[in-house]
Amino acid sequence: MKNKYSIFSLIKNAFSYHENWQRAWRDPEPKKEYDAIIIGGGGHGLATAFYLAKKHNMTNIAVVEKGWIGGGNTGRNTTIIRSNYLWDASAGLYDHALKIWEGLSQELNYNVMFSQRGVMNLAHNLQDVRDLKRRTHANRLNGIDAVWLNTEEVKEFCPIINTSPDIRYPVLGGTLQRRAGTARHDAVAWGYARGADAMGVDIIQNCEVKGIKRNGDSVEGIETTKGFIKTKKIGVVAAGHSSVIANMVDLKLPLESKPLQALVSEPVKPIIDTVVMSNAVHAYVSQSDKGELVIGAGTDAYVSYTQRGSHDVVEGTLKAILELYPIFSRMKMLRQWGGIVDICPDASPIISKTHIKGLYFNCGWGTGGFKATPGSGDLFAHTIANDEPHKLNADFNINRFVSGDLVDEHGAAAVAH
Amino acid sequence: MFLINCPYCGERDQSEFSAGGEAHILRPKQPTELSDDQWAEYLFMRKNIKGVQFERWNHAHGCRKWFNMIRDTSNDKIHAVYKMGEKPPLK
């Protein structure tokens, strides 16, 4: 039984110099067999396990992770959460996640530091204006809060933006989703891990999957660096490495894995209290609670699993940042890193069964998976437990690439790729 | 970020090139005969290999010619570069 985190537990532990806190999750050896195994211990995988246990009573399950939980893209993203996507299917999917975010800290008894500071998307040319206004209307028809701001209102909402008409790509306006914001990415992984562990889920770290054993058309288990583990249901949530797992069963996915970069500056006093994204010039920025500017760059145009990314991509992003925010010209960047994102041709995810019985994939989140973590876990758990999709993820099946019924969200993806 | 030895221009910075994805995917000879599954395979499905991959590149800010390259995607090491139509020097 997990002790509840509260102001009282904080005071109580202060008396023992915070040296006697209970372990947040166990470090078990794998059992011989589980009812289901989730491959990938990032936010999405841990959330899937959490909701499998909580909503579907599947507690004899495991999450296997080749490194440390939350050490992949969960710890590498820019923590932006929003749901202002264009199409009905995406609006349903991402707003489902946003609604869970709004109560997540209470649900997990873990402060994920969800901060609804708003996300503003800028328009820099006439087509941007048309597209973003259209998206605003589409959002509102789907019950998602969105407003259009003209240039003066953009300046009022975020005064440090350079709205001068003589810059290379002038700000012609923008959209604002006030319910959007950020959360502490590590806390999301840790909170879900702690919650899942409390219900009996085994979280097995440093355990790499080497193969998937099949018997005809169904799965029998996984070969790992910690031996063979038997199971009838496998949920793959391996982000950039989804194709690596898929190739083990000769399944081809419509994915390309590319490095996506982000960087943070030295910490400074509060200067930007929202998230500002610009699709056209490819620069987005927010400020962490520590005071660092968190800046998202673009993807490299080629397949790579190196978790580095090219210098010219960062250079392009910083040029745009400096033009939009001249006040940042003397800021020093402290750290830069890359994460491997699995990109679908239509910039929408796949949460789907496959033609192999008992094998499910949750992948293709590309550059924007963090925001969907709770919703993705909830819907993927539903798909695995019932062997059929929830109505909110039915459109995100793998067969859409055969039927042609794509969910094209390149416009709302905010990272050009 | 790496250097690419363009078969026409020699060694140049990778930022001069644009990537064209997986190589040796043949254009269907009779598109009208294709089933939906075959179209999906041709248009969307990719091996996306972590390791040695065959791919197409274009020297976009140079000679603008297309060529093939064999590259290890796990460390960006380039094993070979060869012209379009040539047989891959590695299997």
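Okay, so start with how helix α2 of chain A passes helix α10 of chain A: that crossing is right-handed. Everything I say today is about a predicted model, by the way. The axes of α2(A) and α10(A) come within 7 Å, and they cross at roughly 55 degrees. That makes α2(A) oblique to α10(A). If you're wondering about my choice of numbers, two packed helices are described by the angle between their axes and the distance between the axes.

Which residues meet there? On the α2(A) side you can click on A:Gly43, A:His44, A:Ala47, A:Thr48, A:Tyr51, A:Leu52, A:Lys55 and A:His56. On the α10(A) side, the residues they meet include A:Pro374, A:Gly377, A:Phe380, A:Ala381, A:Ile384 and A:Ala385.

Now keep your eye on α2(A), and look at helix α7 of chain A. For reference, α2 covers residues 43-56 and α7 covers residues 185-198. Are these two roughly parallel or oblique to each other? Their axes cross at roughly 30 degrees and come within 8 Å. The cut-off for roughly parallel is under 35 degrees, so α2(A) and α7(A) are roughly parallel to each other. And the handedness here? α2(A) passes α7(A) in a left-handed crossing. From α2(A), the contact is made by A:Gly43, A:Leu46, A:Ala47, A:Ala49, A:Phe50 and A:Tyr51. From α7(A), you get A:Ala189, A:Tyr192, A:Ala193, A:Gly195 and A:Ala196.

Let's step off the end of that helix. A:Asn57 is found in the loop between α2 and β3 of chain A, where β3 is residues 61-64. The fun thing about A:Asn57 is its phi, which is positive, about 55 degrees, although the residue isn't a glycine. Is A:Asn57 buried or exposed? With a relative accessible area of 66%, A:Asn57 is exposed.

There's another case to look at, A:Asp387. Its phi is near 55 degrees, again a positive value in a residue other than glycine. You'll find A:Asp387 in the loop between α10 and α11 of chain A, with α10 running over 373-386. A:Asp387 has a relative accessible area of 28%, which makes the residue partly exposed.

While we're on loops, have a look at A:Gly72, in the loop between β3 and β4 of chain A. At 29% relative accessibility, A:Gly72 counts as partly exposed. A:Gly72 and A:Gly291 are 219 residues apart along the chain, and their C-alpha atoms are separated by 23 Å.

Next up, rings. How many aromatic pairs does a search of the whole structure find? Over all chains, the count is 16. Let me show you a stacked one: the rings of A:Trp101 and A:Phe114 have their centres 5.8 Å apart, with 20 degrees between the planes. The cut-off for stacked is under 30 degrees, so this pair is stacked. A:Trp101 sits in helix α3 of chain A, and A:Phe114 in the loop between α4 and β5, 13 residues apart. A:Trp101 is buried, at 1% relative accessible area. A:Phe114 is at 19%, and the cut-off for buried is under 20%, so A:Phe114 counts as buried.

Then there's a pair that crosses between chains, from A:Phe401 in helix α11 of chain A to B:Phe44 in the loop between α1 and β4 of chain B. A:Phe401 and B:Phe44 are edge-to-face, 5.4 Å centre to centre and 70 degrees between the planes. Both A:Phe401 and B:Phe44 are buried.

Rings can also come in clusters: A:Tyr5, A:Trp21 and A:Tyr110 form one. What sits over the ring of A:Tyr5? The charged end of A:Arg194 does, 3.6 Å from the ring's centre. Over in another spot, the charged end of A:Lys213 sits over the ring of A:Phe228, 5.4 Å from the centre.

Last bit, chain B. Chain B has 1 helix and 6 strands, and along the sequence they follow the pattern β-β-β-α-β-β-β. Its C-alpha atoms fill a box of roughly 45 × 25 × 25 Å along the principal axes. Chain B has 91 residues, and 36% of them count as buried. Finally, take the contacts in chain B between residues at least 6 apart in sequence: 45% of those join residues at least 24 apart.

Methods: Residues are numbered from 1 along each chain as its sequence is written. Chains are lettered from A and ligands numbered from 1 in the order in which they are written. This is a predicted model: local features need pLDDT of at least 70, side-chain atom pairs count only at pLDDT 80 or more; totals for chains, interfaces and linings use all residues. Side-chain values use heavy atoms; hydrogens and water are left out. Rings of Phe, Tyr and Trp (its six-membered ring) pair if their centres lie within 6.5 Å; planes under 30 degrees apart count as stacked, over 60 as edge-to-face and the rest as tilted. Helices (H or I, at least four residues) and strands (E, at least two) are DSSP runs, numbered from the N terminus. Buried means under 20% relative accessible area, exposed over 50%, partly exposed in between (1.4 Å probe, protein chains only). A charge sits over a ring if NZ of Lys or CZ of Arg is within 6 Å of the ring centre and within 35 degrees of the ring normal. Axes are lines fitted to C-alpha atoms, for helices over the stretch in contact, and angles run from 0 to 180 degrees between N-to-C directions. Angles under 35 degrees count as roughly parallel, over 145 as roughly antiparallel, 65 to 115 as roughly perpendicular and the rest as oblique. A crossing is left-handed if the near helix is turned anticlockwise from the far one by less than a right angle, and right-handed if clockwise. Contact means heavy atoms within 4.5 Å.
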